[in-house]
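User: I'm new to this one and don't know where to start. Please pick a single part and take a close look at it with me, adding enough background to place it.

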Amino acid sequence: MIKLDYKILNDLIENVDKYKAHRKPKNEEEKDGEQIYETLLEHTRRTERCFNEFWKAKKCDDVLDRFCDVLWQDKVIKKKDIEEAKIILKEMIEAIPIFHDLGKINPNFQIEKMENKEIIKDKNFIGTKHSFISAILYLSYFRNNIMKKIKGRKIKGLLKEFILYHAYIIERHHSGINKINDFIGKINFKINNNSEQVIKELPISKLIEAITKSKIYLNDLSLEEGDTDIIIASFEDTKFMNKNGKQRNREQGIYICIYIRWLYSLLVASDYYATSEFMNNGSFNEVEDLNNVQDWINIYENTGLMESIRKYQNEIYPMSIENLNKATNINILRSEIFCEAEEQIKNNYQENIFYLEAPTGSGKSNTAMNLSFKLMSLNKDLCKIFWIYPFNTLVEQNLDTLENIFGKKENIISKIAVINSLTPIKLKHVDCKGNTISENDEADENSEKSVYRQFLLDRQFLNYPMILSTHVSLFNTIFGESQQNLFGFYQLINSVIVLDEIQSYKNSIWTEIICFLKPLAKLFNMKIIIMSATLPNLDRLSQGQSEAIFLLKDSNKFFKTDCFKNRVQLNYDLLDNQSDDKFVQLKEHLKQYLDKNKKILIEFIKKRTANDFWMNLVEDEYFAEKNIKIEYLSGDDSLAERKRILDEVKNTKKTIILIATQVIEAGVDLDMDIGYKNISKLDSEEQFIGRINRSCKRKGITYFFKIDDAKTIYKNDIRVDSEFTVEEENMREILINKNFGDYYNKILDVTKKNNKATFKDFLENIADLNYERIAKNMKLIDENKNIVQVYLARTIKDVNGNVINGKEIWQQYINLLKMRYSMDYAEWKVNMSIITSKMNYFIYQVNKANLELKEYNDKMGNIIYIEDGDKYFKKDKFNREMLQGVGGIDFI
């Protein structure tokens, strides 16, 4: 085969220069001006160049080598033939961006979409679509070059299926990847010729006939039924869940699934960047990776915390177990955990999956930061860090930590981005050449537009060296099927990912998570640190895959020290001796601590119950007479209100009662004296205990009670079955002794048994390349179609104390919506992200089935606008019942 580049279009297309790929929309001043086009040849050149740049930046040759080594490891074929097949496969991949838009030779596309006056209408073509035509041309070209010109039968056998995969990627590059069988149906002559789809687009036989008759395409287009049968059969025969005995193993099947996602993501990124170059008169912006990690490490190592840990490491570490048990200073234990984890990383940095199981309050976040930097310094290919958390609140909290460390270094802090629904698109204050723009600099309109477009591309394609995001966002990238989900998939290559509290999501997909993550990490050279205080050994679910590295060889030695194990006394009196009026019982129990300057934390698992108890307390004369400060924190509170409450709790020296939902459990840096908790999952109980006597400097106690049943919240989660909760004596023993391994062994045994059928379905979907089903099954949070968003306009203060008028923000939102087609799209998207981030201060989700709303002022999409929002608040807290009644959905 001859190595291809964009110039081959001259040999494939008659008068290729007259075919257009894109045209710039005219603005008002240019109505009578000349239309500016990008030719098909120019766009192909740009896309090919961007593809090659991404390929080089992400060291994709290494990825391809690892892919081939695993996929063809058990083939009875000579090594030199394998190497030849690998070279040809690389050439086939390089041809994807060259062929991706070739279907734009469709005369209807040229006439209707491009308004190309050089093209004559051809009645043989139907519709203006081009991607399927591009895919057919790719199929035809490589069917001729692989099936006919390559002599080695075994080499042909290795490569046939990839013709199908690459054509499928091309066909889907303007949409998501749904399921390959839909594409197979289109290229199957028998099925497609008799399909109802004929009405919408030409069947494959007619399409080939139309292209041949038009004489636009100069190459041999003799693709026939037998040819596509062979290509389809190559896929069916090799997938790992078939019945013909030829199937490959599970890891190889997952590799194929990842391979298509990878190349699809690269093609879409290249196409977007290439198009942006033409539209913006710009140039390709290089992938922004973390290539100067030593600069980050130098700043980090010079913090007071790190200087203290390094001093301990040099002078004391490792401490004997006997002395460890006697330690009363929690910082000693934190330093021991830090040093041991670092030691393990140094010894095992070439591995891919790591588990960090350490007690709550033991400094896991700082340890993980050090491990991330250490991995990058030991493995020079690593170039990006993702820190992934279960909740947006933890994202914001850890961003504050990073700003405290790196905030004075603009060249570093500007490279850290938050990717979630609450944070606007990051503005990097640079011009299109990468030069910093001060507030006093003036930029012309075109350069401003280019900057906005770069901001948008960076956000869409995760083009930041360090990213803070949520599990939901990451899992959409790994498992989602939409184009938007897959934009940044290629960015996972050579990355460090810290997964915090992975057990917080439904255990019904734990098997699928770990069985997919391990091959993904191996193929992409990803280093994944999974950390929690209560971490299940997911290796027990991964069924024969290589085992992860435990960064603490014996985490129990830390859990069982007095400082962690005995810092909080556990009491079950309220749980075992429940009264008819549990609110009264809980209130009476609280009274013993009111005169002792204690910080008291009470957690409920339902928002409505927490709100009711809070109102009950603040309206109680006894508590009023005692002048007790009572706060309430839930997921309804804005970031500003959350910060105010937490600052109040941290800084007060007097008795304070904080009533909260489960939003308080994970990662919130609070140090309380007394805890009360509605029971739920055992791991949640341990997370809660981590908020009590966190500094280990005094005595703490936690009381458990049961007002709400956790089964109404955690549906289909076996961890809330009574046999696994602290209602059972053996679970209490596990909690007090911190034997979470025993607990999770029981959970994993049941999980493995219960998930056997669903895991088989998952594997079949991977084998079938049914990305639509994979995405649906792997959603961390199931979509509730009964949810409606209500915007309650008020006047409040943001985190920085700035006054925000909800009515004005809504009007800005409406005005921006009206400018959708009069403003540059990228500028519009960036401004919309800024407005919607401010709107989140006023938006509440309610169940529309229970919405008790007689009137409202405006409605846009799924957002209902109410101008007088204050009337839905009581004591400055959102009163959910006024909107959705007592039967609405309860959120944390």
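Analyst: Below is a quick overview, followed by a close look at one helix pair and a few other spots.

Keep in mind that this is a predicted model, where local features need pLDDT of at least 70, side-chain atom pairs count only at pLDDT 80 or more, and totals for chains, interfaces and linings use all residues. Residues are numbered from 1 along each chain as its sequence is written, and side-chain values use heavy atoms, leaving out hydrogens and water.

The protein has 39 helices and 23 strands (DSSP runs numbered from the N terminus: H or I of at least four residues, E of at least two). Its radius of gyration is 30 Å, close to the 29 Å that the globule rule gives for 892 residues, so the protein is as compact as a globular protein of that length (the radius is taken over C-alpha atoms, and the rule is 2.2 Å times the number of residues to the power 0.38). Of those 892 residues, 59% are buried, meaning under 20% relative accessible area with a 1.4 Å probe, protein chains only.

Now for the close look: helix α13 (residues 250-280) packs with helix α24 (residues 510-524) at about 65°, and their axes lie 10 Å apart. Axes are lines fitted to C-alpha atoms over the stretch in contact, with angles from 0 to 180 degrees between N-to-C directions. Who's touching whom? From α13 come Arg250, Glu251, Ile254, Tyr255, Cys257, Ile258 and Trp262, while α24 brings Cys515, Phe516, Pro519, Leu520, Lys522, Leu523 and Phe524 (contact means heavy atoms within 4.5 Å). Sorted by class, that's eleven nonpolar, no polar and three charged residues.

For another pair, try α32 (residues 682-689) and α33 (residues 729-737), which pack at about 35° with axes 11 Å apart. Here Leu682, Glu685, Glu686 and Ile689 of α32 meet Met731, Ile734 and Leu735 of α33. That contact splits into five nonpolar, no polar and two charged residues.

Two more stops. Asn144 sits in helix α7 (residues 131-148) and counts as buried because its relative accessibility is 8%. Beyond its neighbours within four places in sequence, Asn144 touches Lys149, Asp220 and Ser222. Over in helix α28 (residues 582-590), the buried residues are Phe583, Gln585, Leu586, Lys587, His589 and Leu590. At the start of α28, a side-chain oxygen of Asp581 comes within 3.3 Å of the backbone nitrogen of Phe583.

Definitions and conventions
Buried means under 20% relative accessible area, exposed over 50%, partly exposed in between (1.4 Å probe, protein chains only). A polar contact is a pair of N or O atoms within 3.5 Å; within protein, one must be able to donate a hydrogen and the other to accept it, and residues adjacent in sequence count only if both atoms are side-chain atoms. Ala, Val, Leu, Ile, Met, Phe, Trp, Tyr, Cys and Pro count as nonpolar, Asp, Glu, Lys and Arg as charged, and the others, Gly among them, as polar.
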